[in-house]
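Thanks, everyone. I will go through one structure today, and I will keep to what can be read from the coordinates.

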Amino acid sequence: MKKLHLMTVAISCILATTYFSCKRDEAIKAPQTLSTSVPSDLSFPSPTVSYAISAQAGTISDHADATQRGSIAWYLATYGGGTAASPITYYLSSDTVYNAKKQITVPAYGRITESTGVQAVIQCHPTAWNTAYDKLIRLNTASYLLHIELRLNFMAGIGIFADSANGIQLIDLTVSKSKRSGAATVTNPSPQSHLIYIANSSTVLINGCLLRRAGCDTGENPIDGFGYPIHIINGDHITITNNDIGICASSGIGFVATTFVTIQNNHINDTGRSTISSDGITSYHGNTGTINRVVSITYNTITNSHNHGIHVSGHGFDISNNTISNSQHSNIYIGDQRLCEDGYTDCSGDVWIQNNSLGASLDGPGRYSIYRDKVESNGSTIHIAGNTGYTTVQPVVPCAGPCNP
């Protein structure tokens, strides 16, 4: 029998419906009833060349070392990612853990998944991780990761990283234990640690993932740094659906200056353990002005946030049909607290907050459930209706020009 690490040329014709992020190219209107069923199927353009990769325990010491024949990195360096019309798929065919001592880079159009019947795991080597590297997996344009587990073992500061990589998809992954954010220092005043970090990218799908322990473990509170399970910077057409997210130093989902975003059907629990209190879902300090961001945050369940359940600022948000409970402070906070001192222009407007189920604040009855802080037109474009439970609303704090004195 040929060893599995040798090349096996297979032509796969996998027929399914490709799902990319929902492109809503017109301004948000009053929200419609949205489906709670989000497609998660995925197709590779056919034909697709594929290779099977064995862990080869005892033979390959570092699957991030492209000089070790048969390693993941060797396959990626040797055969590449293919093309948009014919991407290459790499199947991890062993239950034995694939150890990596440094970053693995997936080339453009390349896909990594697991063979049928296998529970494939790539992990930061628990005793020999090279601390000069801070990322386990780096993706490029139209790279996919599917059905595998990534164990960071509190070694790598970022589990999955992408910058200027359009069309990436992360499907049915388990990612856990990014490096502890730890204590702030003079040289590193804001330690960063994220499970998924994507910058400057378009048409991104993150669906059906289990994400745990970003920057901290259970019981570790407070700490000084940042740790997001999902952190998006300057992206557009981002879809984040059906994920189970919990235990993190910062927010469960954070996105900065990002437009055309769909966040739907996620379960988010135990967020904001850092001294820099964070929320279940966060997007503010973006300096987005009056840009209509076209953001839909719907049908999510958010519990045990150490700050607010949802905290956003800017224009163009549909926040509907969410269930939010056990928030330390408010359930939904609209406003940019740093507007004045830092010269931000995130006065907020064109926001719909409707049909959410809201629990009582852990601060007690003196805390408003919904905040409207530094909003335009005396709050007339913040539409609130149909919410149930603890529904107290803060009196409007209006914007006074570009900076509220």
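**Core, sheets and side-chain pairs**

Let me start with one residue, L145, which touches I112, I137, L139, L150, I160, Q169, L170, I171 and L173, leaving aside residues up to four places away in sequence. Before I go further: this is a predicted model, and local features are taken from it only where pLDDT is at least 70.

L145 belongs to the largest nonpolar core, which has 72 residues. It is listed with I206, F255 and I297 as the residues with the most contacts inside that core. Which element gives the core its largest share? That is helix 1, with four residues. In general terms, nonpolar side chains tend to be buried together in soluble globular proteins. Apart from the largest core lies another one, of five residues, including F161, Y197, A199 and I233.

Now the sheets. One is an open sheet of eleven strands, and its order is 4-7-10-13-16-19-22-25-28-31-34, with parallel pairing. Its edge strands are strand 4 and strand 34, the latter covering 388–389, and each of them pairs on one side only. Within this sheet, strand 22 (residues 267–271) and strand 25 (residues 301–305) run parallel and are joined by four bridges. N269 stands opposite T303 in strand 25.

Another open sheet of eleven strands has the order 5-8-11-14-17-20-23-26-29-32-35, and the pairing there is parallel. Which strands lie at its edges? Strand 5 and strand 35 (397–398) do, each pairing on one side only. Further in, strand 17 (residues 226–233) pairs with strand 20 (residues 253–256) in the parallel sense, over four bridges. I233 has V256 as its bridge partner in strand 20. I233 was also among the residues I listed for the five-residue core.

Next, helix 1 and the aromatic residues. Helix 1 spans residues 72–79, and its buried residues are I72, A73, W74, Y75 and L76. Just after the helix, G80 takes a positive phi of about 70 degrees.

The structure holds ten aromatic pairs. One of them is Y51 with Y90, a stacked pair at 5.6 Å centre to centre, with 20 degrees between the planes. Y51 is in strand 2 and Y90 in strand 3 (residues 88–92), so the pair links distant parts of the chain, 39 residues apart. Both Y51 and Y90 are buried.

W74 and Y79 pair in another way: the ring centres are 6.0 Å apart and the planes stand at 90 degrees, so this pair is edge-to-face. Are these two residues buried or partly exposed? W74 counts as buried because its relative accessibility is 12%, under the 20% cut-off. Y79 has a relative accessible area of 26% and is partly exposed. Y51, W74, Y75, Y79 and Y90 form one aromatic cluster.

Two rings have a charge over them that I want to mention. The charged end of R111 sits over the ring of Y144, 3.8 Å from the ring centre. The charged end of K135 sits over the ring of F161, and here the distance to the centre is 4.8 Å. F161 is also one of the residues of the five-residue core.

Last, the salt bridges. As a general point, side chains of opposite charge can pair when their charged atoms come close. How many salt bridges are there? The count comes to six.

One of them joins D62 and K102, with 3.0 Å between the closest N and O atoms. This pair links distant parts of the chain, 40 residues apart. D62 lies in the loop between strand 2 (48–53) and helix 1 (72–79), and K102 in the loop between strand 4 (98–100) and strand 5 (104–105). D62 is buried, at a relative accessible area of 4%.

E149 and R151 form another salt bridge, at 2.9 Å from N to O. E149 is partly exposed at 22%, and R151 is partly exposed at 29%. D363 and R367 also meet in a salt bridge, at 3.1 Å from N to O. D363, with a relative accessible area of 36%, is partly exposed.

That is what I have for today.

Definitions and conventions. Residues numbered from 1 in each chain as written. Predicted model: local features only at pLDDT ≥ 70, side-chain atom pairs only at ≥ 80, totals over all residues. Heavy atoms only, no water. Salt bridge = Lys/Arg side-chain N within 4 Å of Asp/Glu carboxyl O. Helix = DSSP H or I, 4+ residues; strand = E, 2+ residues; numbered from the N terminus. Buried < 20%, exposed > 50% of the residue type's maximum accessible area, 1.4 Å probe, protein only. Pairing = 2+ DSSP bridges. Core = buried A, V, L, I, M, F, W, Y, C linked by side-chain atoms within 4.5 Å. Contact = heavy atoms within 4.5 Å. Phe/Tyr/Trp six-rings, centres within 6.5 Å; stacked < 30°, edge-to-face > 60°. Lys NZ or Arg CZ within 6 Å of the ring centre and 35° of its normal.
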